Amino acid sequence: RFIQGSATRNPYVFYHWRYIDIFVYFSHHTVTIPPVCWTNAAHRNGVPVLGTFITEWTDGEKLCEAFLAGGAEAYRAVGEQLARIAQHYRFDGWLVNIENTLSAAAVGNLPPFLRHLTAQVHSAVPGGLVIWYDSVLRNGALRWQNELTEENRVFFDACDGLFTNYNWKQEHLERTRGLAGPRHTDVYVGVDVFARGDVIGGGFDTDKSLRLIRQHGLSAAIFAPGWVYEHLGEENFLHNENKFWASLAEYLPTHSICTLPLATSFSLGMGTSRFLAGKEEEPGPWYDLSAQEIQPLYPEREGRLRTSCCLQDAWCGGSSLRVQGTIPPGEEHVAVCLFSLQMPAPPKLFLTLLYKLEGPHPDEFVVALELTTWDSGTCHEGNVTSLPEPNGRHHPRFLPAPPPGLAKLLAVCDRGSNGWTSRCYELDLQDCSLRDLSLLVSRHQPSPRETPFTCLLGEIRVLDAASVAASPPEVQSLSASQLWWQ
């Protein structure tokens with residue numbers, strides 16, 4: 001459904017991909033295939049997606065008896081078919097959730113079924129995963145443990161991980177850590193954001209649960225973060241969503257970007273209209289996560305800095321990134337970390353930036369990009385005789401015009417329009433590893449007062465000069481089918 005999106009007004013949209021490792025698309029259908037647009041958005045941001053295989057109640061019992069209680073042929077066929085579905089629809093594996101009692105024959109075949117499914121998924125899908133939900137026990141009884149125990153361990157041992165139920169206390173975490181041994185990060189401790197049952201914290205107190213989980217070195221499974229939209233309503237959804245994930249950020253390891261090019265217009269894959277080259281092209285609401293661009297970190301510092309989505313103005317797509325903050329008294333600039341990077345730096349980088357300063361005195365500020373590198377004795381900017389940068393902070397050189405031969409690709413160097421300013425930069429590095437990409441907002445004049453600023457970011461690109469200059473390979477044997485042109 002909605003493979004080309006829809007015209008939904010105020011939709012639920014997920015965009016804090018930098019803070020999560022795996023996205024599970026959950027529903028109560030027996031076999032839930034993640035919608036293509038969700039898989040596209042996740043993969044563009046480097047996050048694997050799991051579908052759900054669930055059986056529940058008496059219907060679930062009947063289904064489990066049908067494929068688990070007989071010989072190996074039936075459960076092996078189900079495992080192979082599930083792996084094929086994941087491969088065909090390009091998602092990354094399954095959450096398996098058996099929420100009904102099982103006969104002795106069925107539960108006896110459950111571990112070999114999980115082992116077979118896991119092996120099939122691993123061979124069909126690179127990096128594929130199968131995660132088991134804490135539900136039935138090895139004797140076939142349906143009894144949630146809220147931890148890893150000897151009663152459910154046989155299923156954990158047969159696949160890639162365990163997603164525990166939510167009603168745990170600290171002692172459950174201690175016992176789980178002990179029993180999991182070296183696989184402690186394969187235990188995803190369930191946190192219900194709706195806080196149903198006897199739980200430590202949900203809603204805007206979800207951080208309390210995460211703090212405890214992290215103290216015990218376990219992974220977390222944040223269940224139903226749609227609470228923000230469903231419980232608090234759609235009116236201030238984007239604001240509330242940023243507040244929710246900002247409250248968890250210190251407990252969530254950041255996903256780094258590991259390959260170039262990095263290019264994004266920050267669009268969320270939705271909007272109240274569509275923009276192209278800074279101009280409104282088509283008014284009216286739209287929602288299509290396949291069109292979501294790579295998302296930044298959305299950093300927040302109480303009172304000093306806020307990043308959010310701006311739907312009223314964009315360079316391309318449906319939205320831009322609004323960065324609001326203040327430069328403290330006596331300080332020259334503020335750096336806003338947008339992306340965490342983890343890759344060797346190519347010898348020469350080109351960077352492009354499109355931005356728009358808002359507010360009463362935009363001329364007071366200068367906007368630029370800053371790259372930081374990991375501390376290393378060998379990392380140099382420019383030639384070998386130059387001194388290493390203190391703290392590995394690099395400020396790329398401004399290019400007033402694109403270098404010859406790259407004018408077409410870097411047309412943005414002199415293309416700003418409709419109030420947007422464009423900038424092009426270059427940076428030469430030797431033996432460096434890239435760490436962070438930040439926006440640098442500076443004052444022209446030092447001031448004893450704090451100075452507020454608002455900047456919209458329309459597009460950022462970080463390009464490896466060598467691969468930009470090389471001519472791209474030609475597309476071979478392209479075919480298209482099942483077209484409906486509108």
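Leaving aside its neighbours within four places in sequence, which residues is H172 in contact with? In this predicted model, the answer is Q145, N146, E147 and N167. H172 lies in helix 6 and is buried, with a relative accessible area of 14%. Its side chain also reaches back to the main chain: the backbone nitrogen of K169 is 2.8 Å from the side chain of H172. With that residue as a starting point, let us walk through the rest of the structure.

## Two domains and where they touch

The domain assignment splits the protein into domain 1 (17–251) and domain 2 (262–376 + 391–466). Notice that domain 2 is written as two stretches of the chain, 262–376 and 391–466. Taken over C-alpha atoms, the centres of domain 1 and domain 2 are 36 Å apart.

How do the two domains meet? On the domain 1 side, 15 residues are in contact with 20 residues of domain 2. The size of an interface is often given as the accessible area lost when the parts come together. For domain 1 and domain 2 that buried area is about 1,300 Å², with 54% of it on carbon and sulfur atoms.

What kinds of polar links cross this interface? The rule finds zero salt bridges between domain 1 and domain 2, but it does find seven residue pairs in polar contact, both residues at pLDDT 80 or more. On the side of domain 1 that touches domain 2, helix 1 (36–44) and helix 9 (237–248) each supply at least two residues. Helix 1 gives the most, with six residues. Sorted by class, this side of domain 1 has eight nonpolar, four polar and three charged residues.

## Two helices with buried residues

Helix 1 deserves a second look. Among its residues, C37, W38, T39, A41 and A42 are buried. These buried residues pack against strand 1 (23–24), strand 3 (49–56) and strand 11 (279–287). Just after helix 1 comes G46, which takes a positive phi of about 75 degrees.

Helix 7 (residues 206–215) can be read in a similar way. Its buried residues include T206, D207, S209, L210, L212 and I213. What covers them includes helix 6 (170–180), strand 7 (187–192), strand 8 (219–223) and helix 9. Helix 6 is also where H172 lies, and helix 9 also supplies residues to the side of domain 1 that touches domain 2. Just after helix 7, G217 takes a positive phi of about 70 degrees.

The loop between strand 7 and helix 7 holds G201. Is G201 buried or exposed? With a relative accessible area of 8%, G201 is buried. Leaving aside neighbours within four places in sequence, G201 is in contact with V191, D192, T206 and S209. Two of these contacts, T206 and S209, are also listed among the buried residues of helix 7. For a sense of distance, G201 and L305 are 104 residues apart along the chain, and their C-alpha atoms are separated by 27 Å.

## Salt bridges

How many salt bridges does the structure hold? There are 17. Here are three of them, with the N to O distance for each.

| Salt bridge | N to O distance |
|---|---|
| D186 and R183 | 2.8 Å |
| R196 and D192 | 2.7 Å |
| D428 and K348 | 3.1 Å |

It helps to ask how open each partner is. D186 is partly exposed, with a relative accessible area of 21%, and R183 is partly exposed too, at 23%. In the second pair, R196 is partly exposed at 44%, whereas D192 counts as buried at 3% relative accessibility. That D192 is also one of the contacts of G201.

The third pair joins D428 and K348 in a salt bridge. D428 lies in strand 21 (residues 421–430) and K348 in strand 16 (residues 348–358), so the pair ties together parts that are 80 residues apart in sequence. D428 is partly exposed, with a relative accessible area of 22%, and K348 counts as partly exposed at 26%.

Which residues are linked with D428 and K348 in a network of salt bridges? The network also takes in R397 and E426.

Note on methods: Residues numbered from 1 in each chain as written. Heavy atoms only, no water. Salt bridge = Lys/Arg side-chain N within 4 Å of Asp/Glu carboxyl O. Buried < 20%, exposed > 50% of the residue type's maximum accessible area, 1.4 Å probe, protein only. Helix = DSSP H or I, 4+ residues; strand = E, 2+ residues; numbered from the N terminus. Domains from an automatic or database assignment. Contact = heavy atoms within 4.5 Å. Buried area = accessible area lost by both parts, 1.4 Å probe. Polar contact = N/O pair within 3.5 Å; in protein donor to acceptor, adjacent residues only side chain to side chain. Nonpolar A, V, L, I, M, F, W, Y, C, P; charged D, E, K, R; others polar.
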